[in-house]
Amino acid sequence: MALDEGRLMAFLNTFVGDLGATMAAGSIVIGDKLGLYKALAAGAQSPHELAATTGTSPRYVEEWLRGQAAGGYVQHDAPTGTYRLTEEQAFALTDPDGPVFVPGAFQLALGALKAEPEITEAFRTGEGVGWHRHDGDVFAGCERFFRPGYGANLVSSWLPALDGVEDKLRTGARVADVGCGHGASTTLMARAFPASMFVGSDYHDASVDQARERAEHLGLATSVRFTVAPAQSFAGGPYDLVTTFDALHDMGDPLGAAVNIRSQLADDGTWMIVEPAAGASVADNLNPVGRVYYSFSTFLCVPNALSQEGGYSLGAQAGEEPIRRLAADAGFTRFRRVAATPFNLVYEARP
């Protein structure tokens, strides 16, 4: 069998990049946990200076810096032997409350990869692996990955794009945030619209406990409450607004969830559906973002859906048309895409 040497070398270059990125994920999480990025953002430092600033070992820090420089996460000045962050690197690596926060994504990835033995076995058996069975870094990393995008877009552009919803929220609306996780989306809305009441629900009780603690810490206990309930049976309506953030595609029965959401909505209510950015076909998703989402979906979204009743496993790259069909099958008569970012698509469904 004759090999094309050019194609082989191109593939090996891809392999080297992937192997380096895989191992670098751990270093990025370490840099975040130990405050190495935040300290380096203050200015150029030698390995010994950075180690002294952060109370870490110089030799470890030296090797960490070299790897970070090789991967393009920090800058190296050879004449002085120092390292620094550009403004753009500091922007993406040091502020968990900013619009972009890279380390959260790697925390999520490392947490997900810990389930590799279970996922491998699931490939053989076809059985599911529920979200609740994953490592705690999956839940913390998921929030830290998605929260910056929500913080940058939810109040400023996504909610205003919905027909009449922002006015209702300002004067006082009832809102259900379904699949709320740690409550990042719920509390963002509650802080922006203090006249409204919010109910977050999730099937994972540990996440709901975390959400309750967060609301208490933020002083939102009177306007926000959290409850343990699956999307197919949460109650308390009628609601003026129901939201699902990056959750619908994870469900084994998204149609059952959509039907219940329809039943819990007021006659003039709105369902805001936030889902991962995806094209209409596999070919449309063969790009870096698609690769990220397909890979996460293999470990998290599809296994979770297969662990639940319902018969669906949409995956993170389902795209617009399956979501539109679900809404229509659940009794919604109006559906439109209202916003998009590099990582998310936002839809509005109305009765």
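Student: Why does Arg 144 count as buried in this predicted model?

Tutor: The relative accessibility of Arg 144 is 19%, and buried means under 20%, so Arg 144 counts as buried. Arg 144 is found in helix H8, and, leaving aside residues up to four places away in sequence, Arg 144 touches Asp 32, Pro 96, Phe 101, Gly 104 and Gln 107.

Student: Which residues make the contact of H8 with H10, and how do the axes of the two helices cross?

Tutor: The axes of H8 and helix H10 (residues 184–192) come within 9 Å and cross at roughly 35°, and the crossing is right-handed. From H8, Glu 143, Arg 147, Tyr 150, Gly 151, Leu 154, Val 155 and Leu 159 meet Ala 184, Ser 185, Leu 188, Met 189 and Ala 192 of H10. Divided by class, this contact has eight nonpolar, two polar and two charged residues.

Student: Why are H3 and H4 called oblique to each other?

Tutor: Helix H3 (residues 47–54) and helix H4 (residues 58–71) pack at an angle of about 120°, with their axes 8 Å apart. Roughly perpendicular covers 65 to 115 degrees and roughly antiparallel begins over 145; an angle of about 120° belongs to neither class, and H3 and H4 are therefore oblique to each other. Their crossing is right-handed.

Student: What makes the contact of H3 with H4, and how do its residues divide into classes?

Tutor: On the H3 side the contact is made by Pro 47, His 48, Leu 50 and Ala 51, and on the H4 side by Pro 58, Val 61, Glu 62, Trp 64 and Leu 65. These residues divide into seven nonpolar, one polar and one charged.

Student: Which residues of the largest nonpolar core touch the most other members, and which helix gives the most to this core?

Tutor: This core has 47 residues, of which Trp 158, Leu 159, Leu 169, Met 272 and Leu 300 touch the most other members. Helix H8 (residues 136–161) gives the most, with nine residues. A second, separate core of 27 residues includes Ala 229, Ala 258, Ile 323 and Leu 345.

Student: What does Leu 159 touch, not counting residues up to four places away in sequence?

Tutor: With those residues left out, Leu 159 touches Leu 154, Val 165, Glu 166, Leu 169, Met 189, Phe 193, Leu 241 and Met 272.

Student: Which residues of helix H12 are buried, and what covers them?

Tutor: In H12 (residues 254–264), the buried residues are Pro 254, Gly 256, Ala 257, Ala 258, Asn 260, Ile 261 and Gln 264, and what covers them includes strand E6 (239–245), strand E7 (265–276) and helix H14 (320–329).

How values were computed. Residues numbered from 1 in each chain as written. Predicted model: local features only at pLDDT ≥ 70, side-chain atom pairs only at ≥ 80, totals over all residues. Heavy atoms only, no water. Axes fitted to C-alpha atoms, helices over the stretch in contact; angles between N-to-C directions. Helix = DSSP H or I, 4+ residues; strand = E, 2+ residues; numbered from the N terminus. Parallel < 35°, antiparallel > 145°, perpendicular 65-115°, else oblique. Left-handed = near helix turned anticlockwise from the far one by under 90°. Contact = heavy atoms within 4.5 Å. Nonpolar A, V, L, I, M, F, W, Y, C, P; charged D, E, K, R; others polar. Buried < 20%, exposed > 50% of the residue type's maximum accessible area, 1.4 Å probe, protein only. Core = buried A, V, L, I, M, F, W, Y, C linked by side-chain atoms within 4.5 Å.
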